[in-house]
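Let's take a walk through this one, strand by strand and then into the interior. Keep the viewer open as you read.

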Amino acid sequence: MQLAALRHRPESEDCFLYTPDELRLRLHTAKADVQAVTVLYGDPYVTAPNPTTGEPEFAYQEAAMIKTGTGQTSDYWTISLTAPYHRLQYQFLVTGQDGNTVLLGDRGLRADSAANRRADLFRVPYFHAIDTVQTPAWVKETVWYQIFPERFANGDKTNDPKGTKPWRPADHPGREDYYGGDLQGVLDHLADLQALGVNGLYFCPVFTAMSNHKYDTIDYFNIDPAFGDKALFADLVNQAHRRGMRVMLDAVFNHMGSRSMQWQDVLKFGPQSRFASWFHINRFPAAPFAAPEQGGVPQYDTFAFEPHMPKLDTSNPAVQDYLLEVATYWIKQFDIDAWRLDVANEVDHHFWKRFNQATKALKPDFFVLGEVWHSSQPWLNGDEFDGVMNYAFTEQIEAHFLTGKLSAPELTAALTDQLMLYRDQTDQAMLNMLDSHDTARLLTVAGGDENLALQALAFTFLQTGMPCLYYGTEMGMAGENDPDCRRPMDWAQLKGPIWQRVQALVTFRRAQAATLGTGTTVLSVTAAGLLKVTRIGAHTVTAYFNTTKQPVALTASPVLAQGYADQQLAPTGFAVMVQ
C-alpha cells in the first residue's frame with residue numbers, strides 16, 4: 001500500500017457539514033491501491049466498559065466508505081455520517097490491495113490495534129450550523145443565460161451611440177463597434193427567453209462606461225445611457241421576476257475606468273487628489289502611461305497593462321465603503337439576485353469577506369459568483385463566494401469533446417479531481433459554460449459541427465453545477481475569440497432546429513433539477529469506450545456519450561437522445577435515461 005498517498009484534511013472539502021446534521025467525509029488514496037476503507041467513529045464522550053478490565057473506553061461504530069471516483073492519481077472514498085449529539089471523532093481503517101491494514105488518524109499513520117482504534121482520532125468538536133457552507137438553494141435549479149447587452153437586441157434606436165452600425169449577425173465586429181443593443185431589446189425578448197426555458201439572466205456590465213463592453217466603469221450608480229435608464233432596468237428586473245427568472249449583474253471592483261470621476265481627479269490634482277489613495281499609484285505624474293511593452297515602468301497598477309483600467313486599492317476603507325455602497329444599492333433599490341464579480345481573484349480576501357456579509361445581510365439567499373480561472377479553494381469556504389466561473393472544469397470538457405486533447409479516461413479523471421477540490425454544496429453552485437464573451441464560441445471551437453457542439457453542451461448540462469448558455473448558442477452562432485464572439489444576435493434563427501435542440505436540453509435540466517442540481521455524480525468509461533454519466537438523487541439519470549469514431553452498440557430507452565437508432569449510438573451521439 002502506498003502510505004504516502006493517504007490524505008485527509010479535517011474542516012475542509014474532505015470533512016464538511018452538508019446540512020446542520022449531516023457530516024460528509026472524503027479520503028484520498030493512491031489509484032487502484034486500496035480495496036476497502038472503514039470509518040471508525042462515535043461521540044467522543046460516549047464510552048462502554050472494556051470487556052476485560054471493565055474500564056470505560058471510547059465506543060465507536062464502523063461504517064464502510066464508498067469509492068465514488070477516480071482521478072489522475074487518486075481514488076476518492078466518501079461517506080455521510082450523522083451524530084445524535086452533534087459532535088464526532090473518527091479515523092480511517094484502510095485495507096490495501098496487498099492485504100495490509102493501517103489506521104489514519106489525527107496524529108498520522110499507526111498500526112491497527114484495539115488501543116490505537118481509540119486514540120488520537122480526528123475531531124469535529126461540534127456541528128455548528130452557522131459554520132456550514134451554505135449556497136443558495138435556488139441556484140441549483142437555475143439554467144443561466146448570459147447576455148452581452150450591446151449585441152443582444154436593439155429595442156430603442158433613440159439611444160444608439162453615434163456611428164451605430166446596422167444589425168448584421170454575419171459581421172465580424174471590431175473592438176470599437178456599436179450595434180445599438182440595449183435593455184429595451186432584452187425586455188422585448190423576455191418571452192423568447194422564457195420559451196427557451198432559462199430561468200437566470202446574467203448580464204455583462206450595464207453601468208455607465210466608455211466602451212461597448214462596459215468593463216471600464218465610469219459610474220457604478222447609473223445605467224449606461226446607450227442601454228437605457230434605471231426606470232427601464234427596474235421594469236426589466238420586475239418583469240423577469242414575474243416570469244420566474246433571477247437576475248445577476250456583472251461588476252468590476254478590481255479597477256475603474258480611466259474616465260471615472262475619481263481617476264480624473266487623480267490626473268488633475270496628482271498626490272493632492274482626495275482619491276490618490278484609492279489606487280495603487282507608484283509615482284506621479286500618472287500620465288502619460290509608461291507602458292512596459294515600450295520599455296516603461298508603469299506609474300500605477302492596472303488590470304493587465306491596460307492604462308484605461310487603473311486598479312483600485314480595496315484595502316483602503318474608503319474604497320471598501322464606496323464599493324459596498326454600490327453592491328448593496330442595486331439589491332436594495334432594484335432587488336437583483338446575484339453579483340458576478342469580474343477579475344475577482346485580483347482583489348483581496350478581506351474585501352470579499354465584507355462584500356459577502358453586506359450582500360447576504362440584505363438578502364440571505366443572495367448569490368455571489370467570482371471570476372476565477374484556476375483552483376479556487378481560498379475563495380470558497382462560505383465567507384466570500386458561493387461559486388466561481390468553472391473554467392477549470394469546462395475547459396476539460398472542451399479538451400475531450402471539441403479538441404481531442406484528452407482521452408475519455410483522462411477526461412473523467414480530470415473532472416473527478418475538480419469535483420473533489422470543493423465541498424458538494426459548492427460544486428453545485430459553480431457556473432458551467434462552454435463559451436462566453438471572453439472565449440471563442442462553442443460552434444466555432446467544434447469546427448462548425450453542430451452535433452459535436454450539442455453533444456458537448458448536453459454533457460455539460462448533466463454535470464454538477466449550474467449550466468449557462470451564452471447568448472446566440474441556441475441560434476447556432478459562430479465566432480472566434482473576442483471581439484468576434486460578440487456578434488449581433490441572429491434572431492432569424494429563433495425557434496429553428498438548433499434552438500429546438502437546445503430548448504430540449506434546458507427543459508430536461510430543469511425537469512430533473514432535483515437530481516442534476518444536488519445528486520451525486522459518477523463519471524466512467526465503458527469497455528466499448530462510451531463516456532458514462534450517472535447522477536443519483538430524486539431519480540437516477542444515466543447518460544452515454546459516444547466520442548469515438550465509430551457507432552457503438554447500446555441497448556437503451558432514452559428520454560433525450562442524439563444519434564441513437566436501432567440500438568446503435570453514433571459518433572457525436574448521446575442517450576439519456578431516467579429511472
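Leu-560 sits opposite Val-576 in β28. That pair belongs to the ladder between strand β27 (residues 560–565) and β28, which run antiparallel and are joined by five bridges. Bear in mind that this is a predicted model. β27 and β28 make a hairpin with two residues between them, and Asp-566 in that turn has a positive phi of about 55°.

β28 has other partners too. Strand β25 (residues 540–545) pairs with strand β28 (residues 568–578) in the antiparallel sense, again over five bridges, and here Val-541 faces Val-578. Then there's strand β26 (residues 552–553), which pairs with β28 over two bridges, also antiparallel; look for Ala-553 opposite Gln-568.

Now jump along the chain. Gln-91 and Ala-575 are 484 residues apart in sequence, and their C-alpha atoms are separated by 41 Å. Gln-91 lies in strand β9 (residues 88–96). Is Gln-91 buried or exposed? It counts as buried, because its relative accessibility is 0%, and the cut-off for buried is under 20%. The side chain of Gln-91 makes a polar contact of 2.9 Å with that of Arg-110.

On to the nonpolar interior. In soluble globular proteins, nonpolar side chains tend to be buried together. Here the largest nonpolar core has 118 residues, and Tyr-145, Phe-253, Trp-330 and Trp-339 touch the most other members. Helix α6 (residues 317–334) supplies the largest share of this core, ten residues. Apart from it lies another core, of 25 residues, including Trp-77, Ile-79, Leu-88 and Tyr-90.

Note on methods
Residues numbered from 1 in each chain as written. Predicted model: local features only at pLDDT ≥ 70, side-chain atom pairs only at ≥ 80, totals over all residues. Heavy atoms only, no water. Core = buried A, V, L, I, M, F, W, Y, C linked by side-chain atoms within 4.5 Å. Buried < 20%, exposed > 50% of the residue type's maximum accessible area, 1.4 Å probe, protein only. Helix = DSSP H or I, 4+ residues; strand = E, 2+ residues; numbered from the N terminus. Polar contact = N/O pair within 3.5 Å; in protein donor to acceptor, adjacent residues only side chain to side chain. Pairing = 2+ DSSP bridges.
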